[in-house]
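Dear colleague,

I am passing on a structure for you to look at, and below it I have written out what was found, step by step. Please keep the structure open beside this message while you read.

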Amino acid sequence: MIFGFEIYEIITALLLLGSLFFFLASAIGMIRLPDFYSRLHASGNSETMGLMLASLGLVIYELCTGTVLTAIKLIIIFLLVFLANPIGTHILGKAALKSGHPVWTLEDKEEE
């Protein structure tokens with residue numbers, strides 16, 4: 001016990017704070033990046049990593065408190081999102097490219 005907290009609670013809090021960093025990076029990337037493809041990249045990668053850390057933290061907490069069924073459900077949800085998120089962003093990017101959505105270039109920045 002450290003400062004009144006169990007070790008698993010501290011590990012859970014650290015993992016949730018790490019996930020918060022990646023979710024905030026994803027949100028900032030969606031606002032700051034110049035074009036659709038860059039924003040798609042920021043949201044796909046950062047959100048997947050943030051969800052991984054959040055899920056891992058919650059699984060550790062649930063396993064230590066004795067609710068194994070909830071931990072298994074969290075793992076299944078994470079695996080489904082882990083598979084679907086990159087596939088979805090790839091399909092969106094490919095569809096945008098085929099439909100003629102413009103790609104941001106350095107000349108676009110010079111025109112601004």
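**How two helices lie against each other**

In this predicted model, helices α2 and α3 are roughly antiparallel to each other, because the angle between them is over 145 degrees. The angle at which they pack is about 175 degrees, and their axes are 9 Å apart, with α2 covering residues 36-65 and α3 covering residues 68-98. If you sort the residues of this contact by character, you will find 19 that are nonpolar, 8 that are polar and 2 that are charged.

**The chain as a whole**

Going out from that pair to the full chain, you can count 4 helices and 0 strands, and reading along the sequence gives the pattern α-α-α-α. The chain is more spread out than a compact globule, because its radius of gyration is 19 Å, well over the 13 Å that the globule rule gives for 112 residues. Along the principal axes, the C-alpha trace spans about 60 × 30 × 10 Å. Of the 112 residues in the chain, 24% are buried. When contacts with a separation of 6 or more are considered, 70% of them are accounted for by residues that stand 24 or more positions apart.

**Aromatic pairs**

How many aromatic pairs does a search of the whole structure find? The search finds 4 of them, and two are described here. One is formed by F21 and F22, whose rings are edge-to-face, with 5.3 Å from centre to centre and 75 degrees between the planes. F21 counts as exposed, because its relative accessibility of 53% is over the 50% cut-off, whereas F22, at 25% relative accessibility, counts as partly exposed. Another pair, F36 with Y37, is also edge-to-face, with 5.6 Å from centre to centre and 75 degrees between the planes. F36 is partly exposed, its relative accessible area being 30%.

**A lysine in α3**

Finally, you may like to find K73, which has its place in helix α3. Is K73 buried, partly exposed or exposed? With a relative accessible area of 49%, K73 is partly exposed, since the label "exposed" is kept for values over 50%. The C-alpha atoms of K73 and V59 are separated by 9.2 Å, while along the chain these two residues are 14 residues apart.

With kind regards

Key
Residues numbered from 1 in each chain as written. Predicted model: local features only at pLDDT ≥ 70, side-chain atom pairs only at ≥ 80, totals over all residues. Heavy atoms only, no water. Axes fitted to C-alpha atoms, helices over the stretch in contact; angles between N-to-C directions. Parallel < 35°, antiparallel > 145°, perpendicular 65-115°, else oblique. Nonpolar A, V, L, I, M, F, W, Y, C, P; charged D, E, K, R; others polar. Phe/Tyr/Trp six-rings, centres within 6.5 Å; stacked < 30°, edge-to-face > 60°. Buried < 20%, exposed > 50% of the residue type's maximum accessible area, 1.4 Å probe, protein only. Rg over C-alpha atoms; globule rule 2.2 N^0.38 Å. Contact = heavy atoms within 4.5 Å.
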